[in-house]
Amino acid sequence: MIHLTRYLLRHHIRSQKYFAPVIFYIISMLLIYSYKPNPIADSYSVTAMLLFLAAAWLGVMVMNTEPAKQVQLLVLHAGSRRKVVTSQLICAWIMQFMLTAITVLYPVFAGMFERQPTGEEWMMTWLGHLGLSLLGLGISVFFQKSYIPLLSGSMPALIIVLLLSFIQGSLSERLPESLEWIGRILPPAFYLVREMMLFDESKMNSFVSVMLWTVIYALGLLIIHVWLSGRRDLRG
Amino acid sequence: MIWSILGFFKKSDQASPDLSDRGILLQQVSKRLGHAQVLNQINLEVKPGECAVLVGRNGSGKSTLLRMLAGILLPDTGSIHRILKGSERYAVDGLPRLPFTSGEYLWEMGRIRGIRPEVLRGRIRELSELLYLDTAIDQKLPLLSKGTLQKVNLIQALLPGPGGLLLLDEPLSGLDIPAQEAVVSLLGQWKDEGTCIVTACHETLLIERLADQVIVLKKGSVLRYWSREDILQAGEPVVCIQSLAGAGEDLANDLSIVQQQGVMSLVHNTSSGISNAWLWDWKVVQQSTDDVLRMILASGGSVVSVQQEESQLHMESLLEGQHPAVHTSRGGVTESVNLSSSMDDAGGEAQ
């Protein structure tokens with residue numbers, strides 16, 4: 001699977017399909033840090049929110065990189081559909097990890113904060129960004145061409161889901177009692193960003209529990225996708 | 001060179017037919033894509049060391065059936081049993097033009113397949129030489145011609161060597177004649193070594209030399225099965241004659257001509273630029289050629305060319321479900337006369 005992942009990564013980079021989401025994200029991040037000093041928790045929570053959007057966009061791009069016939073050949077060469085799908089996820093995760101590393105390290109090394117982050121803040125930052133990028137990936141896999149053949153159909157739907165997951169806090173309050181479950185099943189991006197923004201070392205347990213829920217939610221989506229991919233026709 | 005390749009692959013791969021291998025068996029397989037029933041109750045059995053050729057017009061379900069055999073599509077109903085050592089390999093119809101050179105692409109596919117680097121290097125080199133890839137091995141796939149891209153497509157499918165199930169979608173499409181000969185020879189040798197081959201193909205070269213069974217598909221259903229014996233029974237060679245007759249002289253409606261023994265079809269060729277004479281294309285059975293030529297000359301016409309068809313198989317007949325020895329002429333050309341008699345009582349009815 002190492003060779004398969006390496007091939008997918010190489011093809012994705014050569015195809016330059018990563019360009020739009022990565023540039024969008026980096027420019028947005030640079031705008032946030034266009035002045036200094038910045039508050040640590042506030043800044044990281046905003047970049048985590050942006051990374052969530054960029055990770056979902058990048059995820060769709062990675063999943064759609066291989067043409068349908070090439071996916072068919074990869075499945076035969078690798079010997080399993082699930083191997084190919086898992087390698088695609090690893091490939092997307094590597095890209096997202098690199099974005100996360102830039103996001104976390106850039107402001108510290110460029111001296112954008114009023115002070116150096118504490119150990120707990122480092123942990124919150126890494127976990128928060130990685131959790132939200134994993135959640136973005138988990139959502140994005142269901143908007144690739146094998147589920148929704150046209151980008152014109154998948155991208156608006158993806159944007160709606162991402163926006164709903166940001167407003168789920170206020171949405172839950174306004175929904176009638178019979179529809180409150182909608183707020184609960186939406187991706188928990190809002191709650192994790194809120195925990196990051198209001199981060200206080202005394203509330204570490206609260207952050208960890210939301211973080212765990214986010215990771216479980218994202219892994220659940222990814223596991224469903226891998227499971228489905230073994231039981232469906234390949235994109236033709 | 002083919003022999004050297006065979007020796008090369010024998011060293012490293014499973015090759016000899018195994019009695020425990022029972023091949024691939026499809027029973028009552030159906031598939032619907034969207035609103036279209038693309039495959040309808042297909043039965044097929046291909047044993048190790050056999051070659052099955054799928055023929056049919058566009059949209060008849062050949063590629064879908066290949067994808068089903070590859071496991072890319074799952075059947076809605078019916079079952080696919082695969083008792084065969086070795087892996088599946090597949091040459092798709094139209095390799096995507098990815099941003100890699102041919103060499104890089106083949107290397108990546110071989111490594112993903114799990115072929116060791118030293119073995120893979122040798123296989124790429126030998127297969128590239130066999131298919132005359134030459135300098136194209138260092139060219140990017142988007143810059144390759146259709147034929148060269150097809151060679152890369154075939155090589156990626158042939159990389160693992162003989163054995164297993166080899167699925168080829170129009171393998172000879174776009175290839176030059178030497179490459180076609182090389183591919184057919186190699187496939188013939190791999191077949192003898194136990195490779196199970198299923199291919200969608202319209203080239204008579206491959207059908208005549210390799211096919212153990214020919215499956216004629218029409219609108220997703222099997223119209224006919226033909227065995228190796230049926231293919232070998234293909235009739236006597238056909239001779240194509242071009243003749244000139246006076247302008248306005250309609251030979252196709254002259255019963256004494258069209259009923260002449262051995263004349264299979266007579267078509268007015270409108271592509272000639274001659275204004276004071278009409279060009280006629282004849283197809284006649286070989287043993288009547290002399291009689292027909294005498295008749296043309298006696299009627300005041302002149303003979304432009306006489307040429308024997310290389311293949312004795314007749315794809316048009318095959319596609320219509322008729323015995324491959326039956327000759328038919330199809331429309332699209334003016335004033336064609338179909339004089340063939342039906343021989344479609346041979347072969348296997350689709351069950």
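Biologist: Which strand of chain B gives the most to the lining of the second largest cavity?

Modeller: Heads up, this is a predicted model: local features need pLDDT of at least 70, side-chain atom pairs count only at pLDDT 80 or more, and totals for chains, interfaces and linings use all residues. Residues are numbered from 1 along each chain as written, chains are lettered from A and ligands numbered from 1 in written order, and side-chain values use heavy atoms, without hydrogens or water. A cavity is a set of points on a 1 Å grid over the protein atoms alone where a 1.4 Å probe fits but cannot get out, and lining residues have an atom within 4 Å of a point. With three residues (strands are DSSP E runs of at least two, helices H or I runs of at least four, numbered from the N terminus), the top giver is strand 10, residues 238-246.

Biologist: How many charged residues are in that lining of the second largest cavity?

Modeller: The lining includes B:Leu244, B:Trp282 and B:Glu249. Asp, Glu, Lys and Arg count as charged, Ala, Val, Leu, Ile, Met, Phe, Trp, Tyr, Cys and Pro as nonpolar, and the others, Gly among them, as polar. Sorted that way, there are six nonpolar residues, three polar and, for charged, one.

Biologist: How much space lies in the largest cavity?

Modeller: The whole structure has four cavities of 30 Å³ or more. The largest has 16 lining residues, with A:Val71 and A:Gln144 among those nearest its centre, and helix 5 of chain A gives the largest share, four residues. Volume is the space filled by probe spheres on grid points joined across faces, edges and corners. For the largest cavity that's about 190 Å³.

Biologist: Is helix 4 of chain A parallel or oblique to helix 3 of chain B?

Modeller: Their axes (lines fitted to C-alpha atoms over the stretch in contact, with angles from 0 to 180 degrees between N-to-C directions) are 7 Å apart, at about 45 degrees. Under 35 degrees counts as roughly parallel, over 145 as roughly antiparallel, 65 to 115 as roughly perpendicular and the rest as oblique. So helix 4 of chain A is, relative to helix 3 of chain B, oblique.

Biologist: Where is A:Pro37?

Modeller: Most peptide bonds are trans. The bond from A:Lys36 to A:Pro37, though, is cis, with omega near 5 degrees. As for its place, A:Pro37 sits in the loop between helix 2 (19-32) and helix 3 (40-63) of chain A.

Biologist: What is the phi of A:Gln16?

Modeller: A:Gln16 is in the loop between helix 1 (2-15) and helix 2 of chain A. Although A:Gln16 is not a glycine, its phi is positive, about 65 degrees.

Key. On a 1 Å grid over the protein atoms alone, a cavity is a set of points where a 1.4 Å probe fits but cannot get out, and a pocket is an open set with protein on both sides within 12 Å along at least five of seven lines; lining residues have an atom within 4 Å of a point.
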